[in-house]
Amino acid sequence: MIKIYFIGTGGGAPNKRGLPAYLVQREGLYALFDVGEGTQQRLIESGLGFMRIRVIGITHLHGDHVLGLPGLLETMGMYSRKEKLTLLGPPELKDFVSEVFNRTYFSPNYEIEFAESYEDSNIRITKFRTCHVVNSYGFIFEEKDRINIDAERLRREGIKDWRIIRLLKEGKRVEIGTKVLLPEDYLVVKKGIKVAYTGDTAPCNDVINAVREVDLLLHDSTFLNEKEAYDYGHSNSKDAATVATKANVKRLALIHISPRYDDATPLLKEAMKVFEKTFLPEPFSYYILQE
Ligand SMILES: [Zn+2]
Ligand SMILES: [Zn+2]
């Protein structure tokens, strides 16, 4: 199960929706994507806290996505964090962080690792390029595929010997008298759940290719219908829906809503004309993805 907390769903300038921040949780792993100003406060108010966060991904260095990061990192230090924190993002992120640390007389008492990607036994987090006006990336958070034994088939065939099952699981062929059991007949691949977050982007092929077939796509949907959206490297809600359709994703969440829309329902309506499985996440809400 993967849970996505929509901490801040606005973009540009703050309003009630807050600035970009999405917390993704799978079992004990918490990863935060973008840290707009005010994110610390919103994490506290929502009762989620932030000490458990293991990975932070920053899409790009525009203020609305990164100005909450230094404060969050410094508070983690103040609360005597010991665990390593992995930061993913554009190469210039490292300079930004060390410059702020210098200027605010802060040195972390925990390890901060700048990395290209994150991986453990269950999860992989990778980045992809988006089409914005500055160097900018999106992130894919995915569960690794798991290979399970086809218990149903074993039962049907009356195979109960755990030694045989273990060999099949290890991908080995097993001979029982004249009968040959091939591992590929008894193994089933369980597809992992995949979530993609674009950060800021105009609609483009790089993004379509990167987010193909994901279970949930969080796509830039800054405006309702503005020609100049593309000049600023952003998308209208209908563009987000077109990307979702072309990439054949399962569900679309409209994010990075401009503060000019007090009520964003018209953005949702426009998008749903193109891609029906679209929703407009409320700030502080969450969404659960299950196999
Ligand atoms: Zn932005
Ligand atoms: Zn931006």
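Is Tyr22 buried or exposed? In this predicted model, Tyr22 has a relative accessibility of 1%, and because buried means under 20%, Tyr22 counts as buried. Let's use this residue as our way in.

A search of the whole structure turns up nine aromatic pairs. One of them joins Phe6 and Tyr22 edge-to-face, with 6.0 Å from centre to centre and 85° between the planes. Phe6 belongs to strand S1 (residues 2-8) and Tyr22 to strand S2 (residues 21-26), so their pairing ties together parts that are 16 residues apart in sequence. Like its partner, Phe6 is buried, also at 1% relative accessibility. For contrast, look at Phe279 and Tyr287, whose rings are stacked: the centres are 4.7 Å apart and the planes differ by 15°. Phe279 and Tyr287 are buried as well. Ring pairs link these four residues and Tyr197 into a cluster.

Two other rings have a charged residue for company. Lys127 lies over the face of Tyr137, 4.2 Å from the ring centre, while Arg153 lies over the face of Tyr186, at 4.7 Å from the ring centre.

Now let's turn to the strands. Seven of them make an open sheet with mixed pairing, in the order S7-S8-S9-S14-S15-S16-S17. At its edges are strand S7 (118-119) and strand S17 (278-279), each pairing on one side only. Strands of a sheet pair through backbone hydrogen bonds, either parallel or antiparallel. Strand S15 (residues 216-220) and strand S16 (residues 252-255) take the parallel sense, over four bridges. Here you can find Leu217 opposite Leu252 in S16.

These two strands also lead us to a helix. Helix H9 covers residues 237-246, and its buried residues are Ser237, Asp239, Ala240, Ala241, Val243 and Ala244. Their cover includes S15 and S16, together with helix H8 (205-210) and helix H10 (265-274). An α-helix has 3.6 residues a turn, so residues three or four places apart point the same way. After H9 comes Asn248, with a positive phi near 55°.

Finally, visit helix H1 (residues 39-45), where you will find Thr39. Thr39 has a relative accessible area of 1%, so this residue is buried. A polar atom of the Thr39 side chain lies 2.5 Å from the backbone oxygen of Gly36. Beyond its neighbours within four places in sequence, Thr39 is in contact with Ile7, Pro20, Ala21 and Leu32.

How values were computed:
Residues are numbered from 1 along each chain as its sequence is written. Chains are lettered from A and ligands numbered from 1 in the order in which they are written. This is a predicted model: local features need pLDDT of at least 70, side-chain atom pairs count only at pLDDT 80 or more; totals for chains, interfaces and linings use all residues. Side-chain values use heavy atoms; hydrogens and water are left out. Two strands pair if DSSP finds at least two bridges between them. Buried means under 20% relative accessible area, exposed over 50%, partly exposed in between (1.4 Å probe, protein chains only). Contact means heavy atoms within 4.5 Å. A polar contact is a pair of N or O atoms within 3.5 Å; within protein, one must be able to donate a hydrogen and the other to accept it, and residues adjacent in sequence count only if both atoms are side-chain atoms. Rings of Phe, Tyr and Trp (its six-membered ring) pair if their centres lie within 6.5 Å; planes under 30 degrees apart count as stacked, over 60 as edge-to-face and the rest as tilted. A charge sits over a ring if NZ of Lys or CZ of Arg is within 6 Å of the ring centre and within 35 degrees of the ring normal.
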